[in-house]
Amino acid sequence: MITKYLHFNEHDLSLAGELIRAGELIGFPTETVYGLGANALDEDAVKKTYAVKGRPADNPLIVHIYDKSQVYDIAADVNDYAKTVIEHVMPGPITIVLPKQGLIKGIVTAGLPSVAIRMPESTEARQFLRAAAVPVSAPSANLSGRPSPTTWQRVREDMDGRIAAVLCGAPCRVGIESTVLDLSRTEPIVLRPGAVSAEYLSELLGIHVGVLTDPTSKVNSPGIRYKHYAPKVPMVLELDDDRDKLSAYYDQKAAEGCNPVLWVQNPLRFGGRNAVGMGINAEAAAANLFETMRKLETQYDFIIASFCWRKNTLYDGPASQGVLDRLMRACGHNII
Ligand code: TXA
Ligand code: MG
């Protein structure tokens, strides 16, 4: 298949809409990461999504909308928590899980009685979704197990020749996938941390909103969770920004004949060693996380990442738990 690279003009957008309605897959930008869109009402199109990504069939997809009213076509019961989130946080980097209506088939939700719904904030995303004129199911546009793409060039790397088209938009502003908030249970809970923090949601909803998989908890041993976001080279994670410990680890790896890199808040503290900045705060770290991961794996053969996110440190911010979660998965929970 020859993949078309489309742009944000009237002609290409209407072509993208036609392709979606014809059952094809399209890569498109959002403010979080690029998505791999299909007509959520077309079971054969959705099936292709799993095949193209190599995604396990038991991992459900998010349905993307461009207008808040569509929530009521897709969800069976929009409770008061959902109404508050829809009013205050949508459009934005958040996904809500609600009981589904019959319109959305089990292939989209992996057989679950609930459906995940997201209205992106990105105007490019919403232009595409409007042109599609149907709800669009979309996972991140990476091959399963690879870091999510945050530029159209990274989508091309993983998807060229496998899908009908890619809409070439801006690099993603947020850089990590949306916060997934489950509102289908008696108490709201975050299933995947993202740029919208659980603290913010707790305040907004007036109830404590927990995070299902606290990445620091021992329950999340590597065997229990999917291995996600893995760079092609080994990676370890340090959580204290301890300069001596990081330097010693680096020197040890170098002595073993590796070409390691330190991925740290302030690379200038590691003069003479390969060191790359992770960003000045958690939000900057999120924005560059996957792109840097994909770069480092081509230039070095061992990644030593550091992310100190304790209260009142530079990485203490709304996106810190989301960044920590992605780093933990990337290193296979290999903490030094
Ligand atoms: O930011 C994002 O959410 C991006 C962009 C493209 O919108 N999409 C994305 O999709 O990250 P994906 O497929 O990579 O992740 C979807 C997440 C998975 O963790 C999945 O388990 C969860 O949403 N999910 C989907 N439907 C669900 C449901 N009914 N119940 C619980 N979790 C659900
Ligand atoms: Mg994904």
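**Figure 1. Pairing of strands β3 and β7 in the predicted model.** Strands β3 (residues 35–39) and β7 (residues 136–138) are joined by 2 bridges in the antiparallel sense. Two strands are taken to pair if DSSP finds at least two bridges between them. Ala-38 stands opposite Ser-137 of β7. Helices (H or I, at least four residues) and strands (E, at least two) are DSSP runs numbered from the N terminus. This is a predicted model, in which local features need pLDDT of at least 70 and side-chain atom pairs count only at pLDDT 80 or more, whereas totals for chains, interfaces and linings use all residues. Residues are numbered from 1 along each chain as its sequence is written, chains are lettered from A and ligands numbered from 1 in the order in which they are written, and side-chain values use heavy atoms, with hydrogens and water left out.

**Figure 2. The open sheet of 11 strands and helix α4.** The strand order is β1-β8-β2-β3-β7-β4-β6-β5-β9-β10-β11, and the pairing is mixed. At the edges are β1 (4–6) and β11 (210–211), each of which pairs on one side only. Helix α4 (residues 80–88) packs on this sheet and touches β5 (94–99) and β9 (179–182), its direction making about 155 degrees with that of β5. Contact means heavy atoms within 4.5 Å. Axes are lines fitted to C-alpha atoms, for helices over the stretch in contact, and angles run from 0 to 180 degrees between N-to-C directions.

**Figure 3. The surroundings of ligand 1.** Ligand 1 is surrounded by 23 residues, the closest being Thr-32, Asn-59, His-64, Arg-118 and Ser-178; a residue counts as near if one of its heavy atoms lies within 4 Å. By class, this shell holds 12 nonpolar, 7 polar and 4 charged residues. Ala, Val, Leu, Ile, Met, Phe, Trp, Tyr, Cys and Pro count as nonpolar, Asp, Glu, Lys and Arg as charged, and the others, Gly among them, as polar. Strands β4 (62–64), β6 (114–118) and β10 (189–192) each supply at least two residues of the shell, and β6 gives the most, with 4 residues.

**Figure 4. Polar contacts of ligand 1.** An N or O atom in the side chain of Ser-178 lies 2.6 Å from an oxygen atom of ligand 1. For Arg-55, an N or O side-chain atom is 2.8 Å from an oxygen atom of the ligand, and a polar side-chain atom of Arg-118 is 2.8 Å from a ligand oxygen atom. The protein covers 89% of the 680 Å² of accessible area that ligand 1 has on its own, by the Shrake-Rupley method with a 1.4 Å probe.

**Figure 5. The parallel sheet of 4 strands and its helices.** This open sheet has the order β12-β15-β13-β14 with parallel pairing. Strands β12 (235–238) and β14 (275–277) stand at the edges with a single partner strand each, so one side of each is left without a neighbour in the sheet. Neighbouring strands are turned by 20 degrees against each other on average, direction ignored. Strand β12 runs parallel to β15 (residues 302–306), joined by 4 bridges, and Val-236 stands opposite Ile-304 in β15. Helix α9 (residues 243–255) packs on the sheet, touching β12, β13 (260–264) and β15, at about 160 degrees to β13. Helix α10 (residues 282–299) lies across β13, β14 and β15 and runs at about 165 degrees to β13.

**Figure 6. Backbone geometry at Pro-91 and Ala-110.** A cis peptide bond, with omega of about -5 degrees, joins Met-90 and Pro-91; Pro-91 lies in the loop between α4 and β5. Ala-110 has a positive phi of about 55 degrees although it is not a glycine, and is placed in the loop between α5 (106–109) and β6.

Definitions and conventions
Polar contact = N/O pair within 3.5 Å; in protein donor to acceptor, adjacent residues only side chain to side chain.
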